[in-house]
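Here is a short briefing to read alongside the model. Have the sequence and the 3D view open, and follow the bullets from the inside of the fold outwards.

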Amino acid sequence: MKTLLISTDFSTIATHAAEYGYNLAKQIKADVILCNTVIVPAEMPQAGMVVWPMEEYDVLMDDSDNELRKLKEQLENDDSNSSFKPLIKIINETGILTDVVNVIVADHKVDLLIMGTHGTSGFSHFLLGDHSRKMIDGTIKPLLLIPPAAKIAPIKKIAFATDFQQPEEDLKAIYNLIPFARLVNAEILLTHVYDEKQHTPEFQKWLKQFLADISNKANYPHIYYRMIKNSNTESGLDWLCEHGHVDMLAMVHRQHSFFDNLLKGSHTKKMADQIPIPLMVIPENS
């Protein structure tokens, strides 16, 4: 990974995500793009015939540019003890967040997008967040979502959660995750939340072969496996985040995947008050 894109709206949560992202860039020796997307009412469909004065537009853009420069300076000033100092570029654009971000990703060969969750009291709130959800659905590169509780520390263990419904796609995602894990020198913990009905002898036999195939093809010795017995997927993942000693949770997002079901069902199923670790969303075709 050579370039990380950090999207910010200058909130406290977004600033924390920027600090996390900048420290990750130092860890993997990557450069950083700080981006703010200014949403101009006249450019939004629901704005109708509203006329947005040019003077107001200029004020918005100037304020955004000033805040980006302040954030850039803040990150650089907190970097006195690092042997590697990431180059920080700032980009200030107007438009719809997903569109702006994906153009920057393509134009600047961004490898990873980072943003705050903007949740107020936990995982379920984050999943329902408009900007987070739209980025999850629209990103063309892996998206790292940083909750307010995430500690800024080296990543040592990454949990990859799957239901094994599409094992070939899981393999692709795992192989794509390995270069990142190698950069941070982290273990990958394959995680499956199951109930008794799923844990059949046939499944155990298939799983043993699946893990053997990964070991033979991945060329990465730090891949392990853990099953979590729980009839509720959200509760199982919550337990993993709280007690599994993992620093990051990674999941594939594809249409009709179990992660997609988590997103859609999160308003009816309660999880813990707060997920304490970052979530990496891997798009299906990344």
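The largest nonpolar core has 48 residues, and within this core Leu 24, Phe 160 and Phe 180 touch the most other members. Helix H6 is the element that gives the most to this core, contributing eight residues. Please keep in mind that this is a predicted model.

**Cores**

- Phe 180 is a good residue to click on, since leaving out residues up to four places away in sequence, Phe 180 touches Met 1, Leu 24, Leu 112, Ile 155, Ile 158, Met 248 and Met 280.
- One of those partners, Leu 24, is also among the three residues that touch the most other members of the core.
- There is a second, separate core of 30 residues, and its members include Val 100, Ile 104, Ile 277 and Leu 279.

**The chain as a whole**

- The protein chain contains nine helices and ten strands.
- The chain has 286 residues, and 48% of them count as buried.
- Of the contacts between residues at least 6 apart in sequence, 82% join residues at least 24 apart.
- The accessible surface of the chain comes to about 14400 Å², and carbon and sulfur atoms account for 50% of that surface.

**The sheet**

- In what order do the ten strands of the open sheet lie? Reading across, the order is S3-S2-S1-S4-S5-S10-S9-S6-S7-S8, and the pairing is mixed.
- The edges are formed by strand S3 (88-94) and strand S8 (223-229), each of which pairs on one side only.
- From one strand to the next, the twist averages 25°.
- Strand S5 (residues 143-146) and strand S10 (residues 279-283) pair in the antiparallel sense, over three bridges.
- To find this pairing in the viewer, look for Leu 143, which stands opposite Val 281 in S10.

**Helices on the sheet**

- Helix H6 (residues 167-184) packs on the sheet and touches strand S4 (112-116), strand S6 (157-161), strand S7 (187-194), S8, strand S9 (248-253) and S10.
- The direction of H6 makes about 170° with that of S6.
- Helix H8 (residues 233-243) also packs on the sheet, where it touches S6, S7, S8 and S9.
- For H8, the angle to the direction of S7 is about 150°.

**Two buried polar residues in strands**

- Thr 191 sits in strand S7.
- Is Thr 191 buried or exposed? Thr 191 counts as buried because its relative accessibility is 1%, and the cut-off for buried is under 20%.
- A polar atom of the Thr 191 side chain lies 3.2 Å from the backbone oxygen of Leu 189.
- Setting aside residues up to four places away in sequence, Thr 191 touches Ala 159, Phe 160, Ala 161, Thr 162, Arg 226, Ile 228 and Leu 240.
- Ser 7 belongs to strand S1 (residues 3-7).
- With a relative accessible area of 7%, Ser 7 is buried.
- Beyond its neighbours within four places in sequence, Ser 7 is in contact with Cys 35, Leu 97, Leu 113, Ile 114 and Met 115.

**An edge-strand residue**

- Lys 89 is found in strand S3, one of the two edge strands.
- Lys 89 is partly exposed, because its relative accessible area is 41%.
- How far apart are the C-alpha atoms of Lys 89 and Ile 33? They are separated by 4.7 Å, although the two residues are 56 residues apart along the chain.
- Leaving aside neighbours within four places in sequence, Lys 89 is in contact with Val 32, Ile 33, Leu 34 and His 108.

**Positive phi in loops**

- Most residues other than glycine have a negative phi, and two loop residues are worth a look against that background.
- Lys 29 has a phi near 60°, a positive value in a residue other than glycine.
- Lys 29 lies in the loop between helix H1 (12-28) and strand S2 (31-38), and at 52% relative accessibility Lys 29 counts as exposed.
- His 245 has a phi near 55°, likewise a positive value in a residue other than glycine.
- The loop between H8 and S9 holds His 245, which counts as exposed at 70% relative accessibility.

Note on methods:
Residues are numbered from 1 along each chain as its sequence is written. This is a predicted model: local features need pLDDT of at least 70, side-chain atom pairs count only at pLDDT 80 or more; totals for chains, interfaces and linings use all residues. Side-chain values use heavy atoms; hydrogens and water are left out. Two strands pair if DSSP finds at least two bridges between them. Helices (H or I, at least four residues) and strands (E, at least two) are DSSP runs, numbered from the N terminus. Axes are lines fitted to C-alpha atoms, for helices over the stretch in contact, and angles run from 0 to 180 degrees between N-to-C directions. Contact means heavy atoms within 4.5 Å. Buried means under 20% relative accessible area, exposed over 50%, partly exposed in between (1.4 Å probe, protein chains only). Accessible areas come from the Shrake-Rupley method with a 1.4 Å probe; for residues, only the protein chains shown count as cover. A polar contact is a pair of N or O atoms within 3.5 Å; within protein, one must be able to donate a hydrogen and the other to accept it, and residues adjacent in sequence count only if both atoms are side-chain atoms. A nonpolar core is a set of buried Ala, Val, Leu, Ile, Met, Phe, Trp, Tyr and Cys residues joined through side-chain atoms within 4.5 Å.
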